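Hi,

Here is the structure I promised to pass on. Have a look, and my notes follow underneath.

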Amino acid sequence: MKPFTPKLVYIEPRAMEYPLAQELYQKFKDQGIEIRETTSHNQVRGIPGDNELKQYANAKNTFVIGVRKTLKFDTSKPSAEYAIPLATGCMGHCHYCYLQTTLGKKPYIRTYVNLDEIFNQALEYIEEREEPTRFEAACTSDIVGIDHLTHSLKKTIEFMGQQEKGRLRFVTKYHHVDHLLDAKHNGHTRFRFSINADYVIKNFEPGTSSLDKRLEAARKVADAGYPLGFIVAPIYLYGDDWKQGYHQLFENLYNQLKGSSVNQEDLTFELIQHRFTKPAKRVIQQRYPKSKLEMDEDERKYKWGKYGIGKYVYPNEQQEDIQNTMKAFMNEFFPKSKLSYFT
């Protein structure tokens, strides 16, 4: 698939005070893409479409250039101390994605151009702690998917590479990594890929790179010396063949990384079972009415959430089967790798 190109661009007037916004404005103008003004990246109006579905689809092709005014970083991430806010929104159409509900009526893609201010805030957080501080750059977006336009991620990788105690991590479903391979990361950035069985990618991840492309990109990243990781998510029980499908996934990954520069002892896996909330189910059924995604509450276990919104996960017996199966595949193909967590 080709790198993302927006069909419509909005820009905050204040953003034009920053060089990155000026650069992006000129780039899109030269490409003949319509550029509109918006008072705030949080208040984008007029996205075309005569019904909600069409507006949603058009929003996924809308790029908003703004200034991140709130510089207090989110701290509620299990895999990092802070979320570093480089972008919000994603051009992918993953049926199960939690951004369906967290972004609500704002599924358009936002990039923040005040990078120096964001980096200065990150530096304050780093200096407050004695141990290394981890920042997650893909909590609310797939940052790799737009970085060929902005290079914000590349700048962040190199910024963290200069910090003795700064660490960066992010995850992607896109293979457009070539411009990141020569970044001076100094081993401070963990590059993670979201991978899944072919059935899941083909049925529930439209608008993302194929598994083969992701695995090819992972090999490039390993050979560029980045610490590497994989998120297998969501692990989805799609019938009697699910174990065979995930075994094939690990075998494909092994064959692609064989002979690469990957450090097997520093290779990480994060395992996340499929889950959904009632609000997410409603939104998914509205936006992807023909989706095959199974969300039968009677077949699931209800798990209370710490913010008061519970989620439906697999029953305990199935969870145990998933965890044991995935650990067995890891031991078969990557016995020296680390399991970061299963949830």
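**A buried valine and its surroundings**

With 0% relative accessibility, Val-232 counts as buried (that is, under 20% relative accessible area, with over 50% being exposed and partly exposed in between, using a 1.4 Å probe and protein chains only). Before you dig in: this is a predicted model, where local features need pLDDT of at least 70 and side-chain atom pairs count only at pLDDT 80 or more, while totals for chains, interfaces and linings use all residues. Residues are numbered from 1 along each chain as its sequence is written, and side-chain values use heavy atoms, with hydrogens and water left out.

Val-232 sits in strand 10 (helices, H or I of at least four residues, and strands, E of at least two, are DSSP runs numbered from the N terminus). Apart from neighbours within four places in sequence, Val-232 is in contact (heavy atoms within 4.5 Å) with Ile-195, Tyr-246, Leu-249, Phe-250, Phe-269, Glu-270, Leu-271 and Ile-272.

Now for the sheet. It is open, with seven strands in the order 4-7-8-9-10-11-14 and parallel pairing (two strands pair if DSSP finds at least two bridges between them). Strand 4 (82-83) and strand 14 (338-342) are at the edges with a single partner strand each, so one side of each has no neighbour in the sheet. Strand 9 (residues 189-195) and strand 10 (residues 228-235) run parallel and are joined by five bridges; Phe-191 stands opposite Leu-228 of strand 10.

Helix 6 (residues 152-161) lies across strand 7 (133-136), strand 8 (166-172) and strand 9, at about 150° to strand 8 (axes are lines fitted to C-alpha atoms, for helices over the stretch in contact, and angles run from 0 to 180 degrees between N-to-C directions). Helix 11 (residues 316-333) packs on the sheet too, touching strand 10, strand 11 (268-273) and strand 14, and its direction makes about 165° with that of strand 14. Helix 6 is mostly covered, with eight of its ten residues buried, among them Leu-153, Ile-157 and Phe-159.

Last, a helix pair. Helix 8 (residues 211-223) packs against helix 9 (residues 242-257) at about 40°, their axes 9 Å apart. That makes helix 8 oblique to helix 9 (under 35 degrees is roughly parallel, over 145 roughly antiparallel, 65 to 115 roughly perpendicular, and the rest oblique). Residues making the contact include Leu-215 and Arg-219 of helix 8 and Leu-249 and Leu-253 of helix 9.

Cheers
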